[in-house]
Amino acid sequence: MVAPLVIALVARRPAYLLSHSFWVDEGWVADSVRAPLEQVPLLTSSTPLGWTLLLRLVPPIGGPQRLRLLPLAFGVASVLLAWWFGRRLDRRLGCTVPFHGLAAGLAAALVPAGLARHDLKQYTAEAFVALALVLAAAHVEAAWSRARLAVFAAACMLAFPFSNAAPFVAAGLVGGLAVATATRRSWARLAELAVATAAVAVANGAFYVLVVSGGDGPAIRNYWSAHYIPDDQGFQVAADFVADRLQTALGGLGLGSWQVAAALVALGLLALVQAGLTGVAVSVPLTAVAMVVAGSLQRYPFLHQRTSLFATTLWMVLAALGLAWLSVVLARRWRPAAALAVAAVVAVALALLPAARQAAARPLPDEDHRGIVRHLLAHRQPGDAIVASHLDAYPFAWYWPDRPVFVPTRAPTAVRFQVTYPPGGVIVARWSDAASVDEALGRVPPGTRRVWLVVDHLPDGQRARWLARLAKLGAAAETPMDGLVLARFRAGRP
């Protein structure tokens, strides 16, 4: 068990995560830690409420980027859950050596989509929650009892505040358990499952209405519009979209072609059936169906790499379990086939390791707001004004020593709050359009000779808009470092 844990930790490069500056998408997540507790619901936009609260529990070690310890911890902890799930199969299949546990643990440690997600979002937590719910369901199916069913139902309820994907997994698992229970004609258990399902549906529905729906608006749907299933363009177009995304996701597991990955996942499902976990096996395709439905309803970016780590991690673990199970079966039934099993494992490893290494080396966006703040603190002079673009203000607020003020946004963005400062502090543009640029520069006090402009994240053309406006006002601009502009007025800003 230690080996996959160490691999998972090293592969995620903790030294890099704790030294690289937060970028914009991470900035508005980190800002919640600087806000009063009563403002947490307002500042919870792109991450679940539970994730926002967990950030406050991160210990004060590791410098300003210490918050990345949370996604790192979930990424490593997923290996433990995968190991335990594999060990359950070892016991149920009569393996005295932990083949399935080791395979599942290594798979969770090296899933490329997980290694590529370094940022301060809940994606690793969603993978962890998916594995936890699968383990809870397997616990119920292995030895049914009302107590175990109650634990599973409670886990499904408690998972939603920490994982946007938890309802998909819960729905698939409930459906899988229902199918397996009905197949065994256990009608009393099916009734108990129906009661538990109703409780989960009511709890998750209430949480969605009261908490999650606030961030489910037109802006976020417009952002993800290209990743929803285009069911308004006809069945064939939608089917082709689903098939293309599925093939891409399977191919991204790093196991070779998508056909090889699909075959290994199918073997993993067969291994679950052989281990007496038919309900858990059935839940996997049912979860995929729930994802398709949500993608058609424009509530889930279908199999986008960021939002689907929960699915790809589970598929990766299943593929590893399938390979381990096939190897054990071949070695038991026909000794010469042991060499074939070893060859299959080596072939998969030769495909996976380069893919995992490439994913782990993927850099975060290079937006050095920590360096910008350091430069400003070292070179700012009395009377200088500081202006930050609307988006740059989010990571800037994390590093700037003065405490920001967070207010409901008036900008057309999925993030429901914006950063402001008291009068005399940093000036923040209300949005990225020309009118907002003029309004922000108009708040620079007349007579100001030097204006520091923080413009690191703006797309092409936006920085030029700022510079053109400064030039029109008579300022000469220079760039002391990437993302920071120093504008000088000879006679002071008019």
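# Reading burial, packing and empty space

Colleague: Start with L303: is this residue buried or exposed?

Modeller: L303 is buried, with a relative accessible area of 9%. Buried means under 20%, so L303 at 9% falls in that class. Keep in mind that this is a predicted model.

Colleague: Where is L303, and what is notable about its phi angle?

Modeller: L303 sits in the loop between α16 (278–296) and α17. Its phi is positive, about 55°, although L303 is not a glycine. R13 is another case, with phi near 50° in a residue other than glycine. R13 is found in the loop between α1 (2–11) and α2 (14–17). At 26% relative accessibility R13 counts as partly exposed, whereas L303 is buried.

Colleague: Which residues does R245 touch?

Modeller: Beyond four places in sequence, R245 touches A226, H227, F302, L303 and H304. That list includes L303, the loop residue discussed above. R245 itself lies in helix α14 (residues 235–251).

Colleague: What is the nearest side chain of opposite charge to R245, and how far away is it?

Modeller: The nearest one is D244, 4.9 Å away. A salt bridge needs a nitrogen to oxygen distance within 4 Å, so R245 is buried yet has no salt bridge.

Colleague: How should I read a nonpolar core, and which residues have the most contacts in the largest one?

Modeller: The general idea is that nonpolar side chains tend to be buried together in soluble globular proteins. Here the largest nonpolar core has 96 residues, and F85, L89, F152, L272, F310 and W315 have the most contacts inside it. Helix α17 (residues 309–333) gives the most to this core, with 15 residues. A second, separate core has 39 residues, including W28, L70, V426 and L484.

Colleague: Take L272 from the largest core. What does it touch?

Modeller: Leaving out residues up to four places away in sequence, L272 touches F85, L89, L277, T278, V280, A281 and L318. Two of these, F85 and L89, are also among the residues with the most contacts in the largest core.

Colleague: How many residues of helix α3 are buried, and what do they pack against?

Modeller: A helix has 3.6 residues a turn, so residues three or four places apart point the same way. Helix α3 (residues 24–34) is mostly covered, with 10 of its 11 residues buried. Among the buried ones are charged residues such as D25, E26, D31 and R34, along with W28, which also belongs to the second core. The buried residues of α3 pack against α4 (40–43), α5 (49–54), α20 (393–399), β2 (405–408) and β3 (417–420).

Colleague: Is N204 buried or exposed, and which residues is it in contact with?

Modeller: N204, in helix α12 (residues 187–210), is buried, with a relative accessible area of 10%. Leaving aside neighbours within four places in sequence, N204 is in contact with C156, M157 and F160.

Colleague: How far apart are R380 and R450 in sequence and in space?

Modeller: R380 and R450 are 70 residues apart in sequence and 9.1 Å apart in space, C-alpha to C-alpha. R380 lies in the loop between α19 (369–379) and β1 (385–388), and at 40% relative accessibility it counts as partly exposed. Beyond its neighbours within four places, R380 is in contact with H375, I386, W400, R450 and W452.

Colleague: Now the empty space. How much lies in the second largest pocket, and which element gives the most to its lining?

Modeller: Rolling a probe the size of a water molecule over the atoms shows where empty space is left. The second largest pocket holds about 650 Å³ of space. It is lined by 27 residues, of which A103, L323, A324, S327 and V345 are the closest to its centre. Elements giving two or more residues to this lining are α7 (99–110), α17 and α18 (337–360). Helix α17 gives the most, with nine residues; the same helix gives the most to the largest core.

Colleague: How many cavities of 30 Å³ or more are there, and what lines the largest?

Modeller: The structure holds three cavities of 30 Å³ or more. About 70 Å³ of space lies in the largest. Its lining includes R12, L17, R68, P71, L72, G75 and H118. Helices α6 (69–92) and α8 (112–115) each give two or more residues to that lining, and α6 gives the most, with three.

How values were computed:
Residues numbered from 1 in each chain as written. Predicted model: local features only at pLDDT ≥ 70, side-chain atom pairs only at ≥ 80, totals over all residues. Heavy atoms only, no water. Core = buried A, V, L, I, M, F, W, Y, C linked by side-chain atoms within 4.5 Å. Buried < 20%, exposed > 50% of the residue type's maximum accessible area, 1.4 Å probe, protein only. Helix = DSSP H or I, 4+ residues; strand = E, 2+ residues; numbered from the N terminus. Contact = heavy atoms within 4.5 Å. 1 Å grid on protein atoms, 1.4 Å probe; cavity = no way out; pocket = protein on both sides within 12 Å on 5 of 7 lines; lining within 4 Å. Points joined across faces, edges and corners; volume = space filled by probe spheres on them.
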